[in-house]
Structures are given as structure tokens and as C-alpha cells.
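Here is a friendly walk through one protein model, written for someone meeting it fresh. Have a look at the sequence and the fold, then read on.

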Amino acid sequence: MDMKTQGMPLDGLLTVDRDRLWNSLMEQGKIGETDKGGLNRQALTDLDRQVRELFISWGKEAGCEVSIDQIGNIFVRRPGVDNSLPPVMTGSHIDTQPTGGKFDGCFGVMAGLESIRRMNDLGIKTQAPVEVVAWTNEEGCRFPPCMMGSGVFTGEFELEPTLAIRDAEGISVGEALTKIGFAGEKPVPGHPVGAYFEAHIEQGPVLEDAEKTIGVVIGALGQKWFDLSIQGVESHAGPTPMSLRHDAGLVAAELITFVNRTALEHAPHGRGTVGCLDLFPGSRNVIPGQVNMTVDFRHLEADALDAMVNGLKAKIAELEALHGVQVSLTPTADFAPLYFADNCVSYVRDAAAGLGYGHMDIVSGAGHDAIFLAEKAPAGMIFVPCEGGISHNEMERADADDLAAGASVLLNALVNAAGIEEAK
């Protein structure tokens, strides 16, 4: 579908049923609920099966067609006036981290379902079908990598090698899908998509700090990850003068400071993190002879991201010469920066403004299924605040009014992108 011509403005803006959306979130949140009120519902477990079956039952109650593909993605489709058009799709995931919350991912799926329910309430007929998808294994905590289902759907990952991936207990993705009854037949890579929208809690503190209800997501930060190994010389902490040391720990400390400073110098979109640090031999009176660490750089602009990496390489060379150490830098992940489609971003921004919600442009610092879908179709995202910016945590919280606002923005974006039936 050519979204520039098919998207039709609404005569009036629409809102969802706040209480129905909240009740759906709370009902699905009973499956895998933890003592602290969060969720432990990891991908392709029996708990995952239960919430999948609940989602399917709700989709069928809403009059939708349900299909499942070979990687277990679930598609709930509301027919359009012209079903030859590719569907306008929305969704997210319903698997969680071991200590996850009730909103990460789940909100996007429930917001999509609520949008369909609201279209039914109002008797809205869209030109193109509208489809809600629950992607398999977005979190990647049981079976790496993350965003598995959307990756296979878009052709980013091949099916057979993905099905062969095993968890810590030796169970493969394919075996787990079969066990829970979700090894579907719909072929991958998947069907054409007219447009894709994803609603999500922000997972950061920006909206809350700015006192805004809606984040209009304009893009996603590019990411470059590295494993870094520093080889120095371990020696006794007492007899070895400071000037004669080859201290791998000192070099690591300087690199940590450099990574942080580099990100600050590339504000506002620069990010720099050292998340793992392992010193050998790990004795209080031995100078570290080896350090293994990670570096995570992110930025919205490709040139800036490259500059951050080049700066790191130059700093490493400087430290090798200064401290007599050897440093190896191994790339482990490389995701290009992404800008979402202008028309999808406009649908989101216009709906937020029209509904009177405080909103701001924002970028996604985390990975989402929308990033893979953006390679297949025009895509956009909607963020709502989460308390303290906390997610991947049992204490994850979101306000019912904010969630309803985000779902209402999604509803209007979907209807505009799918096109409404013209009056006869």
C-alpha cells in the first residue's frame, strides 16, 4: 500500500476504552506473576503457551482470523474492505525477562488488541486489514538472540539455524515450539506489510522527566558492541614500583572514563557503557595482568557513532604505548542507526497533538521489533512513560491513563494508515 495516498484523515479523533485495556493487561499479568508483582514468563515455556492461548481467544472473540508462522509468531487479523491490500500491523511481545514487569512488550500487544476492539465498538471499516502480532522470543533471555521472531519474519535470521538454537538445558527452539503447540505452518520470511506501529513503555526516564505523556519515536540509536581484552603483567603490589608496572586494571579504568566522556561529548544521542569487567587474577595484592571488558556505544547518527569508535581505537593505541600493554578489540554487534518513516511518525505526532496529549520527539535507545520491521515496511513507534524509567524489573510500573493515551494514539495511527471506508 502507498501510505502517502491510502492514509485518510479521520473526521474525529478516537479514544480507546481505558478500563478494558487496563483489565486486559492485568488479566494477562496473572500468568507467570511473581511474588513481587512482576512477571517471569520466558519464551516458549508453558506459561508462554498459556498467555498465547489467552491472546488467541481474545482475538477470535473480536472476530479476527488467527494464524501462526514457523517461528511461532501469532497474527490476529481484522479483515479490511479490500483484503488484497497488505495489512497495517501493530504488536510487540508477551514473553518476559526472568524478573520482568507486566508492561514491557505486553502493552504493545494489548494496545493493538484494544484498538481492534474499539474499531468493532464504533463500526469502523478500514480499507486494508489491521493485524496485531505477538512476536516470539523478543527478550532473548532463554534463547539468544533477542527479537528472534521478528528477525525470522523479516528475513534477518534464517529459520533452520534459529530453530536449532538451544537453551541452557539443551532444549532447542524447534523442540520448545513443538512442545507448547506453536510450531506453525505459515511460511517465513513473512507476508507483505503495509505499515507497522509499535506502542511501548519508554524503558527510560525522559518522558517522565519532561512531564510528557507521549513519545513520538523518530528513530532508534545505532549500536556497536565490543569485547575488549587487555594483556598486561601481573606482579606483586608491594615490590613493583608504580613507574615499572604494566597494569591492565589501570588501562581498563582509563578506558571506562574515556567511554563515558566520549558519549557525553556526543550529546544528546551519544551513549557509552562498560557493562562487564573481569580482572585477573583478582587478588588484592597482585597488579592485574589481564582484564576482559565490554564496550557498548550508541548514537542516532552513523558518522557520530563511527567517530566514537575511532576515538576508542586511538585511545587504545595511546594506552598501549604508555603502559606497555596489549589490547584486542573484537566487534560483537553492529546495528545501524534507524530513522522511522516520516509518514508513520506524522500519524503518531498528529494523533498525539489532536488528542491534546503532551508529547515530544524521542529516540529509542533499546532494541525493538519495530527496528527489524522498518526494513520491510514504513514503521513508527509510540512511547509512554514508565515510573522511574524502570523496566526489565518486577517493579515496572505504568499509569493507566498514560497507557490509554498511548493506545488511543495507536488506534488513530492504525485507522489513518489503513484508510477508512468512504461514505456511499
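Let's start with a term that comes up again and again: a residue is called buried under 20% relative accessible area, exposed over 50%, and partly exposed in between (1.4 Å probe, protein chains only). Keep in mind that this is a predicted model, where local features need pLDDT of at least 70, side-chain atom pairs count only at pLDDT 80 or more, and totals for chains, interfaces and linings use all residues. Residues are numbered from 1 along each chain as its sequence is written, and side-chain values use heavy atoms, with hydrogens and water left out.

**Salt bridges**

A salt bridge here is a side-chain nitrogen of Lys or Arg within 4 Å of a carboxyl oxygen of Asp or Glu. By that rule the model has 19 salt bridges. Here are three of them, with the gap between the closest N and O atoms.

| Pair | N to O distance |
|---|---|
| R18 and D19 | 2.7 Å |
| D121 and R20 | 2.6 Å |
| R261 and E265 | 4.0 Å |

Take the R18 and D19 pair to begin with. R18 has a relative accessible area of 35%, so it counts as partly exposed. D19 is partly exposed too, at 45%.

What does the salt bridge between D121 and R20 tie together? D121 sits in helix α4 (residues 106-122) and R20 in helix α2 (residues 18-28), so this pair links parts that are 101 residues apart in sequence. Helices in this report are DSSP runs of H or I with at least four residues, strands are runs of E with at least two, and both are numbered from the N terminus. D121 is partly exposed at 43% relative accessible area, and R20 is partly exposed at 23%. Neither residue is on its own with its partner, either: R20, E114, R118 and D121 are linked in a network of salt bridges.

R261 and E265 are a different story, since both lie in helix α9 (residues 248-265). They are four residues apart there, about one turn of the helix. R261 comes out as partly exposed, with a relative accessible area of 37%, while E265 counts as exposed at 57%.

**A negative patch, and a residue with a positive phi**

Now for some charges on the surface. E208, D209, E211 and E387 form a negative surface patch. Patches are built from residues with over 30% relative accessible area and no salt bridge, with like charges joined within 9 Å and nonpolar side chains (Val, Leu, Ile, Met, Phe, Trp, Tyr) joined within 5 Å. For the signs, Lys and Arg count as positive and Asp and Glu as negative, while His and the chain ends are not counted.

E208 is found in helix α8 (residues 206-210) and is partly exposed, at 39% relative accessibility. E211 sits in the loop between α8 and β6 (214-220), and at 73% relative accessibility E211 is exposed. The backbone of E211 also stands out: its phi is near 55°, a positive value in a residue other than glycine.

M147 has a phi near 55° as well, again positive in a residue other than glycine. Is M147 buried or exposed? At 4% relative accessibility, M147 is buried. You'll find M147 in the loop between β4 (130-135) and α5 (148-154).

**Cis peptide bonds**

Two prolines deserve a glance. The peptide bond from V188 to P189 is cis, with omega near -10°, and P189 is in the loop between α7 and β5 (195-201). The bond from F280 to P281 is cis too, with omega near 10°, and P281 lies in the loop between β9 (277-280) and β10 (290-299).

**Cysteines without bonds**

How many disulfides does the structure hold? Zero, where a disulfide means a pair of cysteine sulfur atoms within 2.5 Å. Why does C146 have no such bond? The closest cysteine sulfur, in C141, is 10 Å from the sulfur of C146, which is too far for a bond. For C276, the closest cysteine sulfur is in C146, 15 Å away, so that gap is too far as well. C146 is partly exposed at 38% relative accessible area, and C276 is partly exposed at 46%.

Methods. Areas by Shrake-Rupley, 256 points an atom, 1.4 Å probe, with all protein chains shown as cover. Charge placed at Lys NZ, Arg CZ, Asp CG, Glu CD.
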